[in-house]
Number of protein chains: 2
Amino acid sequence: MAESQSQSQNKTAGGKLYIVGIGPGSVEQMTVKARDVILNADYVLGNSTYLDQIESLLGTQEVIRSYMGKEVDRARKAVELAKVANVVMVSGGDTNVYGMAGIVLEVAEHEGLDVDIEILPGVTAILAGASMLGAPVVTDFAVISLSDLLTPWDVIEKRLNLSAEADFVIALYNPKSRKRQSNFSRAIEIIRKYKADSVPVGLVKNALRGEGEDRIVTTLGKVMEYEDWVDMSTTILVGNGDSRIWSSQKKDFIITPRGYHKKYDY
Amino acid sequence: MAESQSQSQNKTAGGKLYIVGIGPGSVEQMTVKARDVILNADYVLGNSTYLDQIESLLGTQEVIRSYMGKEVDRARKAVELAKVANVVMVSGGDTNVYGMAGIVLEVAEHEGLDVDIEILPGVTAILAGASMLGAPVVTDFAVISLSDLLTPWDVIEKRLNLSAEADFVIALYNPKSRKRQSNFSRAIEIIRKYKADSVPVGLVKNALRGEGEDRIVTTLGKVMEYEDWVDMSTTILVGNGDSRIWSSQKKDFIITPRGYHKKYDY
């Protein structure tokens with residue numbers, strides 16, 4: 001109630017631009033505030049894939065659907081509308097991590113937009129995937145997208161080499177792109193130069209999305225057996241040198257011990 | 001309502017252990033499901049700091065408070081109770097990232113616990129902090145804790161060197177520990193070997209916690225001027241070579257362009 005009152009006040013005072021991470025793709029895994037802001041918006045813009053995931057929240061708002069690859073047009077439209085209305089730009093997962101926050105702010109900067117902007121974070125794929133795998137990411141980690149559409153492949157390769165050498169837990173986003181099907185196998189090849197074949201690897205599809213959830217727990221030495229299973233929407237988590245597999249209730253989990261065993265007796 | 005029915009069913013079928021990330025520290029930034037699971041628990045265990053943050057959700061549950069450094073005892077207690085009751089172990093931020101998921105699963109493994117375990121992710125500090133700074137983390141990044149309580153300092157130093165060399169956006173957690181006040185300055189010194197002094201740096205305290213929020217936007221060359229401002233609860237975000245500062249509405253934001261400007265005209 002307080003929420004919708006403050007929304008009305010914003011309306012009279014001019015527009016507001018919210019850039020909102022909707023999380024993994026089910027309303028229950030969104031933040032309470034992200035849900036409330038969407039419910040109270042005048043306009044909701046986003047990629048159709050993500051708008052479908054929050055369909056149950058869309059009723060009174062004007063919805064503007066867009067498509068993959070149209071990020072700049074979508075950002076420009078949001079910035080334009082935000083001059084006079086409450087506008088929500090939705091982003092899958094978190095708004096920062098490979099999300100819409102960057103391009104929307106770039107366009108706002110370019111167009112000299114001077115309205116109130118609020119960015120709402122969300123659960124990004126690595127966190128959703130990790131929660132399905134157990135505790136693979138309890139310590140230092142690196143996140144790398146294998147899509148070379150916006151980042152040159154030699155930069156990606158350098159990051160793969162150095163993060164594997166540093167023995168980070170490594171999360172790989174966008175393992176396969178339409179044009180380059182070999183990105184995933186090349187990345188695994190690089191990581192295997194530094195990490196042992198016994199290191200656990202988790203593959204997760206549609207984590208916490210409510211439907212289509214699937215997971216595989218394997219090792220670095222065996223992960224290429226699942227190459228055909230990996231697609232654009234798969235998140236891959238490669239453990240560090242301490243990670244191990246724990247079997248419980250007929251399922252395999254990945255545990256990366258944080259180091260308590262060195263300090264405490266249990 | 002469906003939620004509380006399924007809870008009751010769980011009760012009769014035996015215990016269940018939820019390991020729940022409560023996010024940055026205000027109920028509105030928790031996921032909808034994390035909130036509901038806490039509301040319906042028999043027992044809620046956690047560090048007092050985090051229990052205080054969700055006080056408005058605690059009424060009928062039995063609450064077991066614990067303290068920093070007592071993680072193993074807390075985990076053992078949760079595992080014991082979960083044999084017969086619905087137990088929630090709360091973790092600040094996300095349950096994986098420097099959270100409780102690891103130690104709870106380690107103890108469950110050690111004690112041969114065979115009940116249903118569900119892990120619920122949350123918005124971790126880097127995402128909350130990033131949302132306050134604008135769009136600093138829209139591409140590949142590394143997350144490093146500067147606490148050498150559980151990770152040896154030489155490993156931390158190696159990760160700082162290699163992640164800076166790879167030009168990741170770098171997030172630093174736990175920049176100062178009680179015993180070693182110099183971790184932060186040593187980390188900045190290492191990063192400056194690879195990154196230019198003009199690279200933007202954001203410092204965020206209590207991001208999205210509802211109170212005590214504060215932020216500073218500066219550069220790598222000037223960040224040591226704020227050394228006294230940095231404490232255990234500060235999250236630091238160091239940009240990559242493309243990151244820049246945008247001033248809007250009398251505030252500085254950090255934008256890390258993802259690369260759209262190379263592909264599109266805007």
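This dialogue discusses selected features of a predicted two-chain model.

Trainee: How are the residues and values in this model to be read?

Mentor: Residues are numbered from 1 along each chain as its sequence is written, and chains are lettered from A and ligands numbered from 1 in the order in which they are written. Because the model is predicted, local features need pLDDT of at least 70 and side-chain atom pairs pLDDT 80 or more, while totals for chains, interfaces and linings use all residues; side-chain values use heavy atoms, without hydrogens and water.

Trainee: How many aromatic pairs are there over all chains?

Mentor: Rings of Phe, Tyr and Trp (its six-membered ring) pair if their centres lie within 6.5 Å; planes under 30 degrees apart are stacked, over 60 edge-to-face, and the rest tilted. The count over all chains is five. In one of them, A:Tyr98 and A:Tyr173 have ring centres 5.1 Å apart and planes at 50°, so the pair is tilted. A:Tyr98 lies in the loop between strand S4 (86-91) and helix H5 (101-110) of chain A, and A:Tyr173 in strand S8 (residues 169-173), so the pair ties together parts 75 residues apart in sequence. Helices (H or I, at least four residues) and strands (E, at least two) are DSSP runs, numbered from the N terminus.

Trainee: Are A:Tyr98 and A:Tyr173 buried or exposed?

Mentor: Buried means under 20% relative accessible area, exposed over 50%, and partly exposed in between (1.4 Å probe, protein chains only). Both A:Tyr98 and A:Tyr173 are buried.

Trainee: Which residues touch the most other members of the largest nonpolar core?

Mentor: In soluble globular proteins, nonpolar side chains tend to be buried together. A nonpolar core is a set of buried Ala, Val, Leu, Ile, Met, Phe, Trp, Tyr and Cys residues joined through side-chain atoms within 4.5 Å. Here the largest has 54 residues, and A:Leu160, A:Leu172, B:Leu160 and B:Leu172 touch the most other members. Apart from it lies another core of 42 residues, among them A:Tyr98 and B:Val137.

Trainee: How many salt bridges are counted between chain A and chain B?

Mentor: A salt bridge is a side-chain nitrogen of Lys or Arg within 4 Å of a carboxyl oxygen of Asp or Glu. The count between chain A and chain B is four. B:Arg244 forms a salt bridge with A:Glu109, with the closest N and O atoms 2.6 Å apart. Contact (heavy atoms within 4.5 Å) takes 81 residues from chain A and 81 residues from chain B.
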